[in-house]
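Colleague: I'd like a close look at one part of this model rather than a tour of everything. Could you take me through it slowly?

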Amino acid sequence: MKLLFGNKKDDLLSRLKRQDPAAQRIFYDQSVKKFLSVAKSYVSDIYQAEDCVIKAFCKIFKHIESFRGEGNFEGWARKIVVNECLNFIKSRKTVFYLDDVHASVLEDLQEEIFEFDFNAQELLDQLPDAYRMVFNLYVIEEYSHQEIADTLNISLAVSKTQLFRAKEKLRKIYFQQQKQLKNELV
């Protein structure tokens with residue numbers, strides 16, 4: 001945490017712990033875009049992602065005393081954002097996990113390399129919620145499959161299956177987009 005006023009007693013974290021509204025505003029302004037990006041990677045609807053971020057900030061400010069200084073404060077806050085998103089998704093109860101792994105048949109694609117710009121968030125937004133949650137927790141948050149299973153209350157096999165399927169689906173979406181772009185350029 002950067003020092004704001006050249007004095008360790010007045011650093012942002014200590015001011016946040018004293019519930020200083022000015023410090024809360026500074027932290028909010030510094031973090032809201034990053035946290036919204038995190039939330040958007042779990043919750044595809046922007047308005048629902050914003051709600052998750054607002055709830056997360058409320059929890060961060062309310063429970064800041066529970067931050068014991070072990071590790072990075074921003075990482076601790078980010079975890080609250082992720083948990084808020086997961087709680088939101090669980091509350092909707094629209095996420096389904098499939099236990100069986102079925103090998104999908106991917107279209108035969110030519111082994112040509114095309115260089116096109118793409119938006120990773122747009123690709124992730126096309127994943128079903130279950131795939132996106134597991135993919136984000138594993139790839140972005142660096143959870144182990146056991147941590148994912150515990151967090152989402154699923155089996156270890158389901159976590160691995162969902163990650164496998166998410167990667168396949170992303171690959172398929174990406175190649176379909178590349179094929180479409182190639183056809184548009186011709």
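Is Met 133 buried or exposed, and what is its relative accessibility?

Modeller: Keep in mind that this is a predicted model. Met 133 is buried, because its relative accessibility is 1%, and the cut-off for buried is under 20%. Met 133 sits in helix 6, which runs over residues 129-140. Along the chain Met 133 is 47 residues away from Leu 86, yet the C-alpha atoms of these two are separated by 7.7 Å.

Tyr 42 is a good way into the surroundings, as Met 133 and Leu 86 are both among its contacts. Setting aside neighbours within four places in sequence, Tyr 42 also touches Val 82, Cys 85, Ile 89, Arg 132, Asn 136, Leu 137 and Glu 141. Tyr 42 belongs to the largest nonpolar core, a set of 47 residues, where Tyr 42 and Phe 27 touch the most other members. Eight helices each give two or more residues to this core: helix 1 (12-17), helix 2, helix 3 (46-62), helix 4 (73-92), helix 5 (120-125), helix 6, helix 7 (145-152) and helix 8 (156-185). Helix 4 gives the most, with nine residues. As a general point, nonpolar side chains in soluble globular proteins tend to be buried together.

Now back to helix 6, and to the residue just before Met 133. Arg 132 is in contact with Tyr 42, and at 0% relative accessibility Arg 132 counts as buried. Arg 132 has a salt bridge partner in Asp 129, with the closest N and O atoms 2.4 Å apart. The two are three residues apart in helix 6, so about one helical turn separates them. Asp 129 is buried as well, because its relative accessible area is 16%. In general, side chains of opposite charge can pair when their charged atoms come close.

That pair is one of six salt bridges found in the whole structure. Two others make a handy comparison. Asp 29 pairs with Arg 25, the closest N and O atoms being 3.3 Å apart. Both of those lie in helix 2, four residues apart, or about one turn of the helix. Asp 29 is partly exposed, with a relative accessible area of 45%. Then there is Asp 20 with Arg 15, where the closest N and O atoms are 2.8 Å apart, and both of these residues are buried.

Follow helix 6 to its end and you reach Ile 140. Ile 140 counts as partly exposed because its relative accessibility is 37%. Together with Tyr 138 and Val 139, Ile 140 makes a nonpolar surface patch of about 230 Å². Past that, Glu 142 is in the loop between helix 6 and helix 7. Glu 142 has a positive phi of about 60°, although it is not a glycine. Most residues other than glycine have a negative phi. Glu 142 is exposed, at 67% relative accessibility. The loop between helix 7 and helix 8 holds Asn 153, whose phi is also positive, near 60°, in a residue other than glycine. Asn 153 is exposed too, with a relative accessible area of 70%.

One more contact of Tyr 42 deserves a word, namely Cys 85. Cys 85 is buried, with a relative accessible area of 0%. As for disulfides, the structure holds zero. Cys 85 is in none, and the nearest cysteine sulfur, that of Cys 52, is 4.3 Å away; a disulfide would need the two sulfur atoms within 2.5 Å.

Finally, a look at helix 2 (residues 21-42), where Phe 35 lies. At 2% relative accessibility, Phe 35 is buried. Leaving out residues up to four places away in sequence, Phe 35 touches Phe 27, Val 53, Phe 57, Ile 60, Glu 74, Ala 77, Arg 78 and Val 81. Phe 27 is the residue paired with Tyr 42 above as touching the most other core members. Phe 35 and Lys 79 are 44 residues apart in sequence, and C-alpha to C-alpha they are 9.8 Å apart in space. Gln 24 is in helix 2 as well, and Gln 24 is buried, with a relative accessible area of 16%. The contacts of Gln 24 beyond four places in sequence are Leu 16, Gln 19 and Phe 61.

Terms used. Residues numbered from 1 in each chain as written. Predicted model: local features only at pLDDT ≥ 70, side-chain atom pairs only at ≥ 80, totals over all residues. Heavy atoms only, no water. Buried < 20%, exposed > 50% of the residue type's maximum accessible area, 1.4 Å probe, protein only. Contact = heavy atoms within 4.5 Å. Patch = residues over 30% accessible without salt bridge, like charges linked within 9 Å, V, L, I, M, F, W, Y side chains within 5 Å. Areas by Shrake-Rupley, 256 points an atom, 1.4 Å probe, with all protein chains shown as cover. Salt bridge = Lys/Arg side-chain N within 4 Å of Asp/Glu carboxyl O. Core = buried A, V, L, I, M, F, W, Y, C linked by side-chain atoms within 4.5 Å.
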